[in-house]
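Okay, thanks for squeezing me in. I'll put the model up, and then we'll walk through it from the inside out.

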Amino acid sequence: MKKEKEEMDDDNNSNVDDDDNDFYEGSSVLESQQFNDIERNTMKGDTVGDTVYSSKWIINTLISLSKICEDGWSNELEESLCILWDMTGEKDIVKFLLENDFLKMSEFTLKVSEEPRLTEIILGILGNMCCDKQVLEALENNTELTSLIFNLLHSEDSETLVQLIRILQASAWCIQQNSNSIWLTKLKDCEFLGESLIFILNSSMKDNLLMAVLDFIATFALLESNALKDLFIIDHLTPALLESLTQIMQGSNESHSTLKLKSIDNWLSIITKITKMELLHFSDDENDENFRKLTEIMWKILRPFTQSFNLIPLDEQIFHCIQRTVDIVLICQKNEFHFGSEVILVILQIMSVLYSAMENFQSEIEKDPENALKVLLNYLVNYWIEILGILEIEELSTVLRLCDKETVNNLMKTTNVKTSKDKIHKLQEILSCLSL
């Protein structure tokens with residue numbers, strides 16, 4: 001059961017195995033299936049709640065933890081604490097730990113710990129426990145412990161930071177449920193919280209840590225309208241967001257994993273919020289490094305969806321990913337920031353894939369007027385009509401020169417049906433000059 005540090009990279013949300021229902025005795029693990037009903041009834045006096053976990057073993061582990069200053073850090077204690085970490089997936093174990101002053105013990109341990117692994121495990125256990133409302137309420141009223149947790153934002157250990165961010169995430173969920181939660185005040189009153197998270201986004205090369213921070217900020221961005229602005233200096237946050245997604249998006253552009261799509265979705269939620277607050281700022285200099293990064297990110301997000309196998313079937317996550325990305329592109333174009341032909345081209349190519357899909361699934365789409373394929377296609381068609389009026393002929397010519405014949409034909413049909421004579425003549429003029 002001992003967990004090595006590398007295994008933690010694959011799961012920054014929990015150290016819990018929901019399928020385990022083991023009985024722990026010492027450092028050995030016994031499967032609950034090994035016991036018959038008589039044996040289970042005999043053990044019941046030592047078990048916690050409805051679990052088959054030994055209360056005596058847990059107390060002994062906590063006693064060992066309390067003696068860390070005298071006995072020091074050991075492999076045995078690490079293994080026992082990792083087992084306890086796993087056990088906190090059970091509500092009855094969380095309740096038992098709360099009743100046995102685990103928060104007080106965590107406070108003591110974080111004060112004396114000089115072992116990053118010990119600090120990580122304690123925060124991991126707390127992170128699991130924070131799924132319980134009672135624990136969050138107890139923690140928010142423990143000023144000393146919350147201060148110790150916040151101060152660990154200065155840690156250089158990425159796994160410790162991942163577990164810390166999980167606690168912050170739980171606090172943000174708590175605020176979503178109760179806008180008067182003390183947690184909101186605590187987060188806003190932590191003067192270095194926003195600055196520390198920006199530093200992580202700018203400097204970390206650990207994707208699991210970056211993803212955890214983006215997840216927290218996206219959740220926080222959904223709170224009251226000024227919450228994001230209260231926690232961050234937005235002009236500092238925006239470049240850090242660009243840097244973090246540039247790191248996460250490194251590698252192949254052929255497809256997005258489910259995990260990467262979730263991070264893209266969180267990132268887009270934050271950028272969309274900043275845009276709606278009219279705080280997404282770039283300089284007028286065409287060589288602005290931040291705008292160059294934004295352009296590259298937009299292209300990398302959209303590029304895989306030019307292949308039908310990445311786009312069809314169209315699920316809700318992909319739908320919103322494309323829509324939010326194009327929203328941001330259009331807002332920038334309306335503000336005369338030029339994305340360049342590559343980004344516009346991939347949007348038109350996605351349109352072309354959707355046109356083909358509409359033909360292949362025509363009977364299904366006719367039965368469902370709210371079909372996602374149809375809705376997204378109409379959205380992208382509206383985008384095309386918008387930019388046909390916004391962009392100069394020269395810029396549109398550059399894009400259309402890169403389009404294949406099928407895409408151009410679809411654009412001609414769409415324009416003839418959906419827009420004014422001026423825009424139709426504008427497109428005809430461009431195509432005539434290009435001999436298309």
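Before anything else, one term: when I say nonpolar core, I mean a set of buried Ala, Val, Leu, Ile, Met, Phe, Trp, Tyr and Cys residues joined through side-chain atoms within 4.5 Å. And keep in mind that what you're looking at is a predicted model.

So, which residues touch the most other members of the largest nonpolar core? That core has 148 residues, and the ones to click on are Trp267, Met298 and Trp384. As for who supplies it, helix α21 gives the most, with 13 residues. The general background here is that in soluble globular proteins, nonpolar side chains tend to be buried together.

Let's stay with Trp384 for a second. Skipping its neighbours within four places in sequence, Trp384 is in contact with Leu348, Met351, Leu396, Leu400, Leu411, Thr414, Thr415 and Leu427. Two of those names, Leu396 and Leu400, come back when you look at helix α24, residues 393–402, where they are among the buried residues. The others buried in that helix are Glu395, Ser397 and Val399. What covers them? The cover over the buried residues of α24 includes α21, α23 (372–390), α25 (405–418) and α26 (421–434).

Okay, zooming out for the overall numbers. The protein has 26 helices and two strands. Of its 436 residues, 53% count as buried. The exposed surface comes to about 21300 Å², with carbon and sulfur atoms supplying 46% of it. And if you take contacts between residues at least 6 apart in sequence, 74% of them join residues at least 24 apart.

Now the aromatics. There are five aromatic pairs in the structure. Take Phe282 and Phe291: that pair is edge-to-face, 5.3 Å centre to centre, with 70 degrees between the planes. Both of those residues are buried. Phe282 also pairs edge-to-face with Phe337, this time at 5.9 Å centre to centre and 70 degrees between the planes. Phe282 sits in the loop between α17 (258–276) and α18 (289–302), and Phe337 in the loop between α20 and α21 (341–360), so this pair ties together parts that are 55 residues apart in sequence. Phe337 is buried at 18% relative accessible area, and Phe282 is at 13%. Put Phe339 in with Phe282, Phe291 and Phe337, and you have one aromatic cluster.

While we're on loops, have a look at Ile312, in the loop between α19 (308–311) and α20 (316–334). Its contacts beyond four places in sequence are Ala357, Phe361 and Leu373. For a C-alpha distance, Ile312 to Leu354 is 8.7 Å, with those positions 42 residues apart along the chain.

On to charges. Side chains of opposite charge can pair when their charged atoms come close. How many salt bridges does a search of the whole structure find? It finds 12. One I'd pull up is Asp265 with Arg324, where the closest N and O atoms are 2.8 Å apart. That pair links distant parts of the chain, with Asp265 in helix α17 and Arg324 in helix α20, 59 residues apart. Arg324 is partly exposed, at 25% relative accessible area.

Then there are bridges inside a single helix. In α18, Glu296 and Arg292 lie four residues apart, about one turn of the helix, and their side chains meet at 3.1 Å, N to O. Glu296 is partly exposed at 32%, as is Arg292 at 41%. Bridges that share partners join Glu289, Arg292, Glu296 and Lys300 into one network.

Helix α7, residues 102–112, has another, with Lys111 and Glu107 four residues apart and 3.5 Å from N to O. Lys111 is partly exposed at 48%, whereas Glu107 is buried at 8%.

Last stop, cysteines. The structure holds zero disulfides. If you want to check a couple of cysteines yourselves, Cys403 is buried at 11% relative accessible area, whereas Cys433 counts as exposed at 63%.

That's my tour. Shall we rotate the model and take questions?

Terms used:
Residues numbered from 1 in each chain as written. Predicted model: local features only at pLDDT ≥ 70, side-chain atom pairs only at ≥ 80, totals over all residues. Heavy atoms only, no water. Disulfide = S-S within 2.5 Å. Buried < 20%, exposed > 50% of the residue type's maximum accessible area, 1.4 Å probe, protein only. Contact = heavy atoms within 4.5 Å. Phe/Tyr/Trp six-rings, centres within 6.5 Å; stacked < 30°, edge-to-face > 60°. Areas by Shrake-Rupley, 256 points an atom, 1.4 Å probe, with all protein chains shown as cover. Salt bridge = Lys/Arg side-chain N within 4 Å of Asp/Glu carboxyl O.
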